[in-house]
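Please open the model in your viewer and keep the sequence panel visible. The stops below say what to select and what is there.

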Amino acid sequence: MDGSRISKAHPRAAAIGDVDEANSALGVALLHLKDERHRAMLSRIQNELFDLGADLATPGEDFEPGEMTLRIVQEQIDRIEAEIDAMNEELEPLRSFILPGGGAGAAHLHLARTVVRRAERVAVEAAQEMSLNPLALTYLNRLSDHLFVLARLEAKGQGGDILWKPGGTRAA
């Protein structure tokens, strides 16, 4: 964002690339969602992931947004957390780990969630070498939880969560 060049192997480039991949995974998930509320949430998130990529691409120590500087802000995280809380109200509490699946939309959301988790790990690693906006890292963390809850909500409409059965394939 500042015109400097970095290697494609640079930790900053890796974090930006993983965020881009997460955004693409969300685009695929959107193809399988019918609920307009869910689609609207993901559309906002896709736009914010471009902002997040720009945030990660902007070197510096000042993480305040500006006219020419996109930064993730607390209000975006607060909205994601409020959406998580609202979605959780529609779900039964978890009593077991669940397997990724529960319909096409849910399965794609679970895949996107795992890509976001990787993007978070890579961004945290990059932040050990350079200054990154701490709110960008928090956003990624909360986003993966958001996608998990949204996947559960999607699965609810298609038969429910698929529960993990520990040792279920072992002979007794």
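**Starting in helix H1**

Select Asp-20, which is found in helix H1; helices (H or I, at least four residues) and strands (E, at least two) are DSSP runs, numbered from the N terminus. This is a predicted model, in which local features need pLDDT of at least 70 and side-chain atom pairs count only at pLDDT 80 or more, while totals for chains, interfaces and linings use all residues. Residues are numbered from 1 along each chain as its sequence is written, and side-chain values use heavy atoms, with hydrogens and water left out.

Asp-20 is partly exposed, with a relative accessible area of 43%. The term covers the range between buried, under 20% relative accessible area, and exposed, over 50% (1.4 Å probe, protein chains only). Add Ser-131 to the selection: its C-alpha atom is separated by 20 Å from that of Asp-20, and the two are 111 residues apart along the chain.

Next, go to Val-28, also placed in helix H1. Val-28 counts as partly exposed at 36% relative accessibility. From Val-28 to Arg-113 the distance is 12 Å, C-alpha to C-alpha, with their positions 85 residues apart in sequence.

**H1 against H2**

Show H1 (residues 11-30) together with H2 (residues 36-57). Their axes come within 9 Å and cross at roughly 170 degrees; axes are lines fitted to C-alpha atoms, for helices over the stretch in contact, and angles run from 0 to 180 degrees between N-to-C directions. H1 and H2 are therefore roughly antiparallel (angles under 35 degrees count as roughly parallel, over 145 as roughly antiparallel, 65 to 115 as roughly perpendicular and the rest as oblique). The crossing is left-handed, meaning that the near helix is turned anticlockwise from the far one by less than a right angle; clockwise would be right-handed.

To see the contact (heavy atoms within 4.5 Å), select residues of H1 including Ala-15, Ile-16, Val-19, Leu-26 and Leu-30, and residues of H2 including Leu-42, Ile-45, Leu-49, Phe-50 and Leu-56. By class, the contact of H1 with H2 has 14 nonpolar, five polar and two charged residues. Here Ala, Val, Leu, Ile, Met, Phe, Trp, Tyr, Cys and Pro count as nonpolar, Asp, Glu, Lys and Arg as charged, and the others, Gly among them, as polar.

**A buried glutamate in H2**

Stay in helix H2 and select Glu-48. Is Glu-48 buried or exposed? At 8% relative accessibility, Glu-48 counts as buried. Leaving aside neighbours within four places in sequence, the contacts of Glu-48 are Ile-72, Gln-76, Arg-79, Ile-80 and Tyr-139.

**H3 against H5**

Now show helix H3 (residues 74-88) and helix H5 (residues 134-156), whose axes come within 9 Å and cross at roughly 20 degrees. That angle makes H3 roughly parallel to H5. The crossing of H3 and H5 is left-handed. Among the residues making the contact are Ile-77, Ile-80, Ile-84 and Met-87 of H3 and Leu-135, Tyr-139, Leu-143, Val-149 and Leu-153 of H5. By class, the H3 contact with H5 has ten nonpolar, five polar and four charged residues.

**Salt bridges**

Side chains of opposite charge can pair when their charged atoms come close. A search of the whole structure finds 14 salt bridges, each a side-chain nitrogen of Lys or Arg within 4 Å of a carboxyl oxygen of Asp or Glu.

Select Arg-118 and Glu-21, whose side chains meet in a salt bridge (3.1 Å, N to O). Arg-118 is in helix H4 (residues 104-127) and Glu-21 in helix H1, 97 residues apart. Arg-118 is partly exposed, with a relative accessible area of 26%, and Glu-21 is partly exposed at 36%.

Move to Glu-83 and Arg-44, which form a salt bridge with the closest N and O atoms 2.8 Å apart. Glu-83 lies in helix H3 and Arg-44 in helix H2, so the pair ties together parts that are 39 residues apart in sequence. Glu-83 counts as buried at 11% relative accessibility, whereas Arg-44 counts as partly exposed at 37%.

Finish in helix H5 with Arg-142 and Asp-145, three residues apart, about one turn of the helix. In their salt bridge the closest N and O atoms are 2.4 Å apart. Asp-145 is partly exposed, with a relative accessible area of 23%. Extend the selection to Glu-81, Arg-117 and Glu-120: with Arg-142 and Asp-145, these residues are linked in a network of salt bridges.
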